[in-house]
Each structure stands twice: as C-alpha cells, then as structure tokens.
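Me: Please take a close look at one part of this model, the sheet, and tell me how its strands are arranged and what surrounds them. I would like one connected account rather than a list.

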Amino acid sequence: MAAGREVLLLEASPRAGGCIRTLRREGFLLEEGPDSFLTTKPAILPLAEALTLQPVGTNPQLRRSFVVRSGRLLPVPEGFYLMAPASLSGLWETPLFSVPGKLRMMMEPLVPARRDGKDESLAAFVRRRLGSEALTRFAQPMAGGIHTADPETLSMQAAFPQFLAMEREHGSLWKGLQNLPRGTSGPRYGLFASFAGGLQELVDALAASLPPGVLRTGAGVLRLSRDAGGWHLTLADGSLLEAGSLCVALGALAAARLLDDADPVLAAQLGGIACASTATLSLGFRREQVEHPLDGMGFVVPAAEGLSLLSCSFSSSKFPGRAPEGHVLMRAFAGGALRPDLFGLPDADLITAVLADLRKLLGISGDPVLTHLARHPVSMPQPRLGHLERVSRIEALEKDLGGLALCGNYLRGAGIPDCVASGEAAAGRLA
Ligand SMILES: Cc1cc2nc3c(=O)[nH]c(=O)nc-3n(C[C@H](O)[C@H](O)[C@H](O)COP(=O)(O)OP(=O)(O)OC[C@H]3O[C@@H](n4cnc5c(N)ncnc54)[C@H](O)[C@@H]3O)c2cc1C
C-alpha cells in the first residue's frame, strides 16, 4: 500500500483470522480451520520470515497417509501423486485397487492425449485416463478432497492444471510424472508446515505488525456504495466511512452481497461461485484408547465407503505439541459438496455419527477426553467447470469499476499461501 495513505482494516468478528483459529483446550492444541500450509507455494515463507515466525515441518518419521477401503486403512501406495501412479511396483503391490483396476491404470500411457485445451471435470479426466476405479478409490477422496468437492463438477483447469500440462506435453501422466524433478513425483508430506503454536501464530503476528488503530474488530460492513467521490461504507453499528479505494477480502458470497449495489453484474459473477460447508471435529483420547498406531498423517475416505467423514488428520502425529503426554489428538472433516446432509445434522448427531465411524476404523474404545466441533458454513469455494473464465470476467469487471481490488480463496487457489499471494496482489493493484 502506498506510503502516506490511511489504511483501515474492518473485521466483522471480534477477532482477526477468519477460518484460521487455534485453540488450547485441556492441554491440547487444536485447529478449528486449516492446520498446515504448503511451503512450496510462493508468498507464505517470505511472509513468515518477515514476521520472524519459524515454520515447523510435519513429523519426518510419519510422512505417509492412508485411504479407507472396505472399512480398513490402507497406506497410499508408494509413488502415487494425487490421482496417478508413478511407480509400477507401488501400483501392483497395493491392495487398494482390484487387479482389473490396476491393469486399467497401467494402460494409461496408451490412452490418446487430449490437447484441445477444453476444461474437463476431475471425474471425466480420471475416468478417461486411468479408469473408474482410480477415480472412486483414490482421486475422488485424495484430489477432490482438497476442495471437499464433487469430482463430477471440479474443474481440472482451475484445480489441477499440472496434470493437464503432463497430458499435453508428455502424452500421458505416467510419462509426465517420470519427468518431474527427482523426489517430487510421490506424495510430498514434507512440504507441509505449521508453527509451534499453530496457525494462529501467523494471524497474531500479522495483527501485531499493524500500526495501532488499523485493525478494527467487531466492525462489519453492512452496505457499500460508490460514486465519483469514492466508496461509502455503512458499518453494522450504523456508522459511515468513506474510502478512496477498497480491498474486499471476503468469501465469494459475502463479497457478492456487499457489491450488489455498486456493481450487480460483478456481484452476480461472484454469487455464482458455489461454496461448500464443512465441519471439523477435533477429538482427544488417551493413547491406550486407540488401537491404531496412528503412524501417518491421517487418512481419506472415498465417498463409495458411505461413511460420515471425508478425512481425518492424526494431528498429534503430524506436528509436535498438539496433545498432552500420553494422549493423542485427531481431527475429522465432514460435509463438503458431497455430504451437505451431514453438515446439516445437529451438533450432537454429527459428533455421534463421525465418532461411530472413527471407532470402527481406528479401534477406539471409551469416550473422547476432548470433543470440539467447529462449523465453517459456505467456506470452501468450488472451482467448477469454467471457473477460470469466470475469474477472468471478475478481474475485468474489477478493473472497470476502478478503486476496487478483490482477493480471497475463490479466485486462483484456496490454500493459505494462495490467499496471501492474492492479498498482496490486491494491495499492489491499489497502491
Ligand atoms: C475447515 C477448513 C480447513 C482448511 N484447511 C486448509 C489447510 O490445511 N491448508 C490451507 O492452506 N488452506 C486450508 N483451508 C483454506 C484456507 O484456510 C482459506 O481459504 C483461507 O484461510 C481463507 O482466508 P480468507 O481470509 O480469505 O477468508 P476467511 O477466513 O473466510 O475470512 C473472511 C473474514 O471476513 C470477515 N467478514 C465477513 N463478512 C464481513 C463484512 N461484511 N465486514 C467485515 N468483515 C467481514 C469474516 O469475519 C472473516 O474474518 C481450509 C479452509 C477451511 C474452511
């Protein structure tokens, strides 16, 4: 932001951070929202460094995950990367797929490459290249799960352009993965990090770095309008503010609501982005209550298993300091685009359903010593087919309006590093 400008950061809730929130409860350190970030994406590490924060990597001894098949946790096969295999032995030896399913996946290099540049859903892409079992048993929970998405509508161009590039440039995912730099074709758990005190450290350090008076919490913006003089804001307490330029850093639907008066066409484009609702359930147990060794980062659940959770992180295996001595912490995800019915359950029913499935999957006895449910309504933007064209339209409308910069998780990536990059770019456009 240009020097000499007065900047005001208006936050509706009593605290900064949005869905990033770390809590300390009964000796556990739990995350209500995100629990880690990808260190390979630009923007996040320079920001952490500027704030003198020290990222903590995932436990190097336990860098593997599991996929549920027929109620059992099976390790992600060696050499698999999000949706495709890069190791023949890894594919052949895994009990995750049937023999016909494995043979179909082995034929992937022979499938003619599509190079027409058209968008395709994750489901159509994986079925075409690797077969339907690869989709239902792996790509849906693993790749689609990142966005808690329905693979039938998730845009490959927006969510996984690197796989389209492999097909285009190498003719197959198999060849594309063989050509990746050494060590980057398998799952890359080592590239995820958090902080010793959880992701809240990032929020607290950012808030503390602002000059006094810049951040106003409990200051929701109710209405926006625009005229030749600039932006006029009505806050929830009825007070009025004026601004020469405005950065709207909200979810897509909240941004659509606020911008409806100023630019209904832009608001309609924003409002057309579907957002799924998710819940996270953190559960603490005494170590001896859980039979499973929890020797990994966690597991994902294919929708075909018909269970009440999408995935579960073994939080206390993943990062140090998440559970008190002799205890473990895990965190399940529920809801998403495929299971809105579960998100809609009352708290007690949702907890009962998820806990019942976890008991069976992990051999849990007795009641949790800690239970914490967090809900994130319409929080997960769904980059559906044609998403990138929509984003281009939104960017063009933003430019036409002038004095406005949009940023957030619905534009070009939903992860924390993407949001940091999006925010920095928005600030740059207003400078
Ligand atoms: C459950 C969950 C788990 C996730 N896990 C990960 C992960 O592990 N790693 C990762 O990289 N990403 C993860 N993500 C994605 C990532 O966390 C989010 O995309 C990102 O944090 C969004 O940040 P944001 O500030 O753009 O939006 P939000 O966090 O939604 O914040 C928006 C803020 O705007 C405020 N607000 C709303 N309306 C108004 C108004 N009218 N006036 C003023 N203020 C308003 C809200 O109070 C809120 O504080 C996860 C997301 C969720 C929901």
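Reply: In this predicted model, seven strands form an open sheet in the order β7-β6-β17-β18-β19-β16-β20, and the pairing within the sheet is mixed. Its edges are β7 (72-75) and β20, each of which pairs on one side only, and the twist from one strand to the next averages 25°. As a general point, strands of a sheet pair through backbone hydrogen bonds, either parallel or antiparallel. The antiparallel case is seen where β18 (residues 311-313) meets β19, two strands joined by three bridges; here C312 has A332 of β19 as its bridge partner. Helix α5 (residues 132-142) packs on the sheet, where it touches β6 (65-69), β17 (298-300) and β18, and the direction of α5 makes about 135° with that of β6.

The residue A332 leads from the pairing to the interior, as it is also listed, together with M83, L122, V126, A139, L309 and A334, among the residues with the most contacts inside the largest nonpolar core, a core of 74 residues. Taking A334 as an example, and leaving aside its neighbours within four places in sequence, one finds it in contact with T278, A279, L281, S308, L309, L310, R339, L342, F343, L350 and V354. There is also a second, separate core of 22 residues, which includes V248, I273, I394 and C407.

Just before β19 in the chain, the loop between α12 (315-318) and β19 (327-335) holds R322. R322 counts as buried because 26 C-beta neighbours lie inside 10 Å. Beyond its neighbours within four places in sequence, R322 is in contact with F28, L29, S315, S316 and L329, while its C-alpha atom is separated by 8.8 Å from that of G197, a residue 125 places away along the chain.

At the other end of the strand order, the edge strand β20 also takes part in the surroundings of the ligand, giving the most to the shell with three residues. The elements that each supply at least two residues of that shell are α10 (252-259), β16 (275-286), β20 (370-381) and α16 (416-430), so named here with β16 and β20 as members of the sheet. Of the 30 residues around the ligand, A12, G18, P34, N409 and G415 come nearest, and the residues of the shell divide into 15 nonpolar, 13 polar and two charged.

Terms used. Residues numbered from 1 in each chain as written. Predicted model: local features only at pLDDT ≥ 70, side-chain atom pairs only at ≥ 80, totals over all residues. Near = placed C-beta within 6 Å. Helix = DSSP H or I, 4+ residues; strand = E, 2+ residues; numbered from the N terminus. Nonpolar A, V, L, I, M, F, W, Y, C, P; charged D, E, K, R; others polar. Core = buried A, V, L, I, M, F, W, Y, C linked by C-beta atoms within 7 Å. Buried ≥ 20, exposed ≤ 12 C-beta atoms within 10 Å, placed from the backbone. Contact = placed C-beta atoms within 7 Å. Pairing = 2+ DSSP bridges. Axes fitted to C-alpha atoms, helices over the stretch in contact; angles between N-to-C directions.
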